[in-house]
Amino acid sequence: MKTNRDNLVGSLWMIAAMAGFAVEDSFVKAATKTLPVAQVLVLFGLGGALVFALNAFRLKDPLFSKAVVSPPMLVRVCFEITGRLFYVLALAYASLSSATVILQATPLVVIAFAALFMGETVGWRRWTAIFVGLLGVLVILNPSADSFTWASLLAVVGLLGFAGRDLASRAAPASLSTSVLGVYGFMAVAVAGGLYFLWEGRCAVALSPVDAWTMTGAVGAGVLAYACLMKAMRTGEVAAVTPFRYTRLLFGIGAAVFWFGETITANMVVGSGLIVLSGLFILMRGASKTAA
């Protein structure tokens, strides 16, 4: 039984995780200004995989087992490649603020996928909330405006990839530890970079000292954020800590404005409001059903 103190501490871990992910996104976006996107993906993936592999060795978690090549894990890796590739492309070619806001709709799409493909029961109220949240994404994209760019759709494809990954993670074998999942998740990022190298046809470039520090910051922030996220989910109740995922909006938009000089539009404010309210409504519905 979790106490109020557990929920408070778990919420603080969740806020720290969201701050870390926002910093990771910022470093990745900064790196893509001087390095090919494919190279950023490969370096980020290999760096994160190395950190998690070292932790797995420390904990004596086996990296190779039959569970690693189970169907849910293979599906998870495919979605991870799709999500990471297109989200990094969105960071490179679209604004950080729009990519961050669109990504917040991931839980809504996960629930929709669970209902459509895994037989999970979703009532009309939650379906309505899902459609309202997706309407928020459409408001942010604003396809009828002159300012619309196709680059914004990259974040939508990344969102679908991450939703598929999260859904596949539910079916992943319980015997696989967080460190092992981290290794293969980051290796999938490196594979995504390799595939994009073939598509893009650009050669890797030598890293400047600034590039090296930027990539180190991206890997460090990503690993720490992932660790904080796991700590949050294991410390507090899911219903208590999950709403604090939306603090990533504040950190991401803050970085977009103060680091990259982006401007926040009215459509972005309205769209993000619809996404957050829809997500919080669904969380409240889930919590009330659990309590009943």
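Ala225 is in contact with Ala17, Gly20 and Phe21, neighbours within four places in sequence being left aside. The model described here is predicted. Ala225 belongs to helix H9, which covers residues 209-235. With a relative accessibility of 1%, Ala225 counts as buried, because buried means under 20%. Another residue to look at beside Ala225 is Glu24: the two are 201 residues apart in sequence, yet their C-alpha atoms are 8.4 Å apart in space.

The surface offers a second place to look. Val257, Phe258, Ile264 and Val269 form a nonpolar patch there, and together they have about 380 Å² of accessible area. One of these residues, Ile264, is found in the loop between helix H11 (247-258) and helix H12 (266-291). Ile264 has a relative accessibility of 30% and therefore counts as partly exposed.

The cysteines are a separate topic. A disulfide is a covalent bond between the sulfur atoms of two cysteines. In this model the count of disulfides comes to 0, where a pair of cysteine sulfur atoms would have to lie within 2.5 Å. Cys78 counts as exposed, because its relative accessibility is 52% and the class begins over 50%. Cys228, at 14% relative accessibility, counts as buried.

The table lists the residues with a stated relative accessibility.

| Residue | Relative accessibility | Class |
|---|---|---|
| Ala225 | 1% | buried |
| Cys228 | 14% | buried |
| Ile264 | 30% | partly exposed |
| Cys78 | 52% | exposed |

Technical notes: Residues numbered from 1 in each chain as written. Predicted model: local features only at pLDDT ≥ 70, side-chain atom pairs only at ≥ 80, totals over all residues. Heavy atoms only, no water. Patch = residues over 30% accessible without salt bridge, like charges linked within 9 Å, V, L, I, M, F, W, Y side chains within 5 Å. Areas by Shrake-Rupley, 256 points an atom, 1.4 Å probe, with all protein chains shown as cover. Salt bridge = Lys/Arg side-chain N within 4 Å of Asp/Glu carboxyl O. Helix = DSSP H or I, 4+ residues; strand = E, 2+ residues; numbered from the N terminus. Buried < 20%, exposed > 50% of the residue type's maximum accessible area, 1.4 Å probe, protein only. Contact = heavy atoms within 4.5 Å.
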